[in-house]
Amino acid sequence: MAEKLKITLVKSPIGAIPKQRATVEALGLNKMHKTVEMPDNGSVRGMIQCVRHLVKVEEI
């Protein structure tokens, strides 16, 4: 596993279910094409798995 993950919001969560919108916001993504760096651990990986159709993930 990488030390950090670079997560980018590539699709709008407007049409997503409320739980997915909350997950995107909890990841710190509030605008399209915004990128955040998060630690690579199980909780972050689980959040990414829930919204994998909305985000792009790169290992750093």
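Which strands does helix H2 (residues 42–50) lie across, and at what angle to S1 does the helix run? Helix H2 lies across S1, S2 and S3, running at about 25 degrees to S1. Contact here means heavy atoms within 4.5 Å. Axes are lines fitted to C-alpha atoms, for helices over the stretch in contact, with angles going from 0 to 180 degrees between N-to-C directions.

A quick word on ground rules: this is a predicted model, where local features need pLDDT of at least 70, side-chain atom pairs count only at pLDDT 80 or more, and totals for chains, interfaces and linings use all residues. Residues are numbered from 1 along each chain as its sequence is written, and side-chain values use heavy atoms, with hydrogens and water left out.

**The sheet**

Helices (H or I, at least four residues) and strands (E, at least two) are DSSP runs, numbered from the N terminus. Three strands make an open sheet in the order S2-S1-S3, paired antiparallel. Strand S2 (35–39) and strand S3 (55–59) sit at the edges with a single partner strand each, so one side of each has no neighbour in the sheet. From one strand to the next, the twist averages 25 degrees.

Two strands count as paired if DSSP finds at least two bridges between them. Strand S1 (residues 4–9) and S3 pair in the antiparallel sense over five bridges. Across that pairing, Thr-8 stands opposite Lys-56 in S3.

**The salt bridges**

A salt bridge is a side-chain nitrogen of Lys or Arg within 4 Å of a carboxyl oxygen of Asp or Glu. By that rule there are three salt bridges:

| Pair | Closest N and O atoms |
|---|---|
| Asp-40 and Arg-45 | 2.7 Å |
| Glu-59 and Arg-45 | 3.2 Å |
| Lys-56 and Glu-58 | 3.6 Å |

Asp-40, Arg-45 and Glu-59 are joined into one network by salt bridges that share partners.

How do the residues sit relative to solvent? Buried means under 20% relative accessible area, exposed over 50%, and partly exposed in between (1.4 Å probe, protein chains only). Asp-40 is buried at 11%, while its partner Arg-45 is partly exposed at 33%. Glu-59 is exposed, at 53%. The Glu-59 and Arg-45 pair links distant parts of the chain, with Glu-59 in strand S3 and Arg-45 in helix H2, 14 residues apart. As for the remaining pair, Lys-56 is partly exposed at 42%, and Glu-58 is partly exposed at 33%.
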